[in-house]
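This report looks at selected strands, their pairing and one charged side chain, with the cut-offs stated where each term enters.

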Amino acid sequence: MRLAFLSVAVALPATAPALAQTAYEAQLPAALDTAAALCEHVPCAEVVPGATHFSERKGQPRYVEAYVERNGHRELAGYVVLSTDVTDTPAYSGKPVVTLIGLDTRGRFIGVRILKHSEPILLLGIPEAALTAFNRQYLGKFIGDNIEIGHSRPDENIIGLDAISGATVTVIAQNQVMMAAGAAVGRQVGLLEATVRPPAQFLDPGRPLDWATMVSEGLVRRLAVRPEQVGLARAAEPFIELWFGDLNHPAIGRAVLGGDGWAALRQRLGEHDHALFILRTAGRESFKGSGFVRGGLYDRVQVRQGQDAFTFRDLDYLNLYGVRAAGAPAFSESGIFIVRSPAFSAAWPWKLVFLGNRVDRETGARTFANFDAEYWLPDDYLAGGRPAVVQPDAPWVRIWKTRAPQIALFSLLLVTTALVYASRDRLTRRASRKNPWPVNAFKYAAWITSIGFVGFGLLAQPSITQVLTWFHALLFQWTWSLFLSDPFIFLFWIFIIVTVFLWGRGLFCGWLCPFGSLSELIYKVAGAVGLKRIQFSLPKALHDRLKWVKYGVFLGLLAVSMFSMTLAEQLAEIEPFKTTFLVGLFNRSWPYTLFAAGLLGLSIFIERPFCKYLCPLGAALAMPSTFRWFGLRRKQECDRCKACGTGCGSLAIDADGRIDQRECLLCLDCMVMYTDDHACPPLVSERKRRTRAGVEMTPIGTDGYFIPIRPVPPDTPPAN
């Protein structure tokens, strides 16, 4: 459920070079992140219509002023901001959607242009009109409005935006980008009121503090960036490790600088100045950066408090030659930085932000990336304790709250299906080959619910692209919030992982996969309406060869993803899931529609052709199915009897009666026969023998045989 954006094809102004007509993995100008004249590299006139002149980047975060020519004079028409100058919020691909945003002088969005994204989910599917319509929803809205993805809630003063079906995560990320960028400019130019935070009133415990105590009490905090977070090879040593803390607080100031040093620092600070210290204890990357050489700006660190960002220039820096606290770590770089703003207060939480470069492993391109750690003085060090701070819910939390009813129903479906299957022995004993409905009623209900509610309703069709994405996240950088942004896929994968190791892949593939259920239902309905005479299975020898194709497809996609995730996700179009559920058969170009419709049409004649021979997701789940805890039962005669194998729709039973659990879709037809004394040949023979001999019919045990009749010895008379 990820969103990709394609740029709207428009004529670009002469001052900006032509950009790719599609924004998917577009090649951006090399100087985009650093050039002072931003609008010489991107089409700023597109997002501020009518503007003819643009300033250089200014402010922090950076923005551009746009001007129109009227009566020989330039008038301010609005502002332009590049999203990555404000935030690098990742979309589902793990990369940001690079967006150019235009605002008018009243703080309303007047233009949006997606310059680059890495979301393949919509590369080949969503029509451009849908993308344009989504971006247009922002136009005319104020940067201070409460805008969320979902329904409007006037009673809560929330404006809702319509999402794009199948692209929930990325539209949520895009909304964060839009609102953060708008607020960053608005606060600097006076369109939004500055935040007022009363200054901190410190409590001094009056005892000396060593380094370990300060760490344990949260008076100093650690910010570490791992190599894989910046696109480098995984290593034991951090890319950079920083320790930081407040210096205005007397207890911390004396511990770090000593009494005389802290008193000297206080004399140098103004009324609204606030000092903090930073140490680098690991890594070779400098946190001071190279910005000082380019005009006195330290471009590697900044402080953020709420929506406010505070940067440092040369006059905001003091040398830190040593740390007096006992047990302080060795460090290779240090400094004191001073926040000079009345908007900052040490009583409220704030974040130290390290601004680095992330290397794209596929293209080698470098992009800015932000890494932060929060700092908040403990209650015991503030007069009156910490102030009450209402932290807004994370975007993924809001999604879970707003979709709570659907999440509850979906969770109930998963739990119910697992419980029904866990009770399979009781169900199969009540069923028979002539009356399979005690099992089929639940199974068919699961299919219909999966197709309608899960597939077309929630758009929660698991895909091999998620396996590839999670595999790469485990290797390079795991972000929980990213995966939690789609609650249905997240819960579905928990269910899949648990049940695969309990019973094999068949419970998901055979009962709850929306596309598999649709394919199976088409086959069953076709047989019921009189087409059974033209339905067939491939010869077992041919099937045993073709079933390996899906494993080749999966391993091929996995191998390609190691070199190019983009190409791998494009090749994953071999899955018809997106065409069928996320986009719709009639919303894609004809090759994709023909492919998906062809597979569904083939399902009239062959049971689950895609599942058996092409599905890379099925192959990925089949491998761990080898290590399932519980399998289906077999009798000794199964190596000679062909009854179950003849009726196995999955062709998962070999000539020796063994069930290939990697291929089994847990239809339970063989288990119905396992205890059916009118269908299972060994039971039929025993039933007939007992009938002829007039022997009592005993129940069938867990081993699949009639419980033996054991003679009871006569009572022995008591001894005299």
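Two strands are taken to pair if DSSP finds at least two bridges between them, and both strands (E, at least two residues) and helices (H or I, at least four residues) are DSSP runs numbered from the N terminus. The model is a predicted one, in which local features need pLDDT of at least 70 and side-chain atom pairs count only at pLDDT 80 or more, while totals for chains, interfaces and linings use all residues. Residues are numbered from 1 along each chain as its sequence is written, and side-chain values use heavy atoms, with hydrogens and water left out.

**Strand S4 and its partners**

S4 and S5 form a hairpin with four residues between them, and Gly 107 in the turn has a positive phi of about 85°. The pairings of S4 on either side are set out below.

| Pair | Sense | Bridges | A bridge pair |
|---|---|---|---|
| S3 (residues 73–82) and S4 | antiparallel | five | Val 80 with Gly 102 |
| S4 and S5 (residues 109–116) | antiparallel | six | Ile 101 with Val 112 |

Seven of the seven residues of S4 (residues 98–104) are buried (under 20% relative accessible area with a 1.4 Å probe, protein chains only), so the strand is largely enclosed by the rest of the structure. In a regular strand the side chains alternate between the two faces of the sheet. In S4, Val 98, Leu 100, Gly 102 and Asp 104 point one way, whereas Thr 99, Ile 101 and Leu 103 point the other way.

**The five-stranded sheet**

An open sheet of five strands follows the order S8-S9-S10-S14-S13, with antiparallel pairing. Strand S8 (220–225) and strand S13 (317–318) stand at the edges with a single partner strand each, which is why one side of each is left without a neighbour in the sheet. S8 pairs with S9 (residues 240–246) over six bridges in the antiparallel sense, and Arg 222 stands opposite Trp 243 in S9.

**Asp 676**

Asp 676 lies in the loop between helix H23 (669–674) and helix H24 (681–693). Asp 676 is buried yet has no salt bridge, a term that requires a side-chain nitrogen of Lys or Arg within 4 Å of a carboxyl oxygen of Asp or Glu. The nearest side chain of opposite charge, Arg 433, is 5.3 Å away, where Lys and Arg count as positive and Asp and Glu as negative, with His and the chain ends not counted. The side chain of Asp 676 nevertheless reaches the backbone nitrogen of Arg 433 at 2.9 Å.

Technical notes
Buried < 20%, exposed > 50% of the residue type's maximum accessible area, 1.4 Å probe, protein only. Polar contact = N/O pair within 3.5 Å; in protein donor to acceptor, adjacent residues only side chain to side chain.
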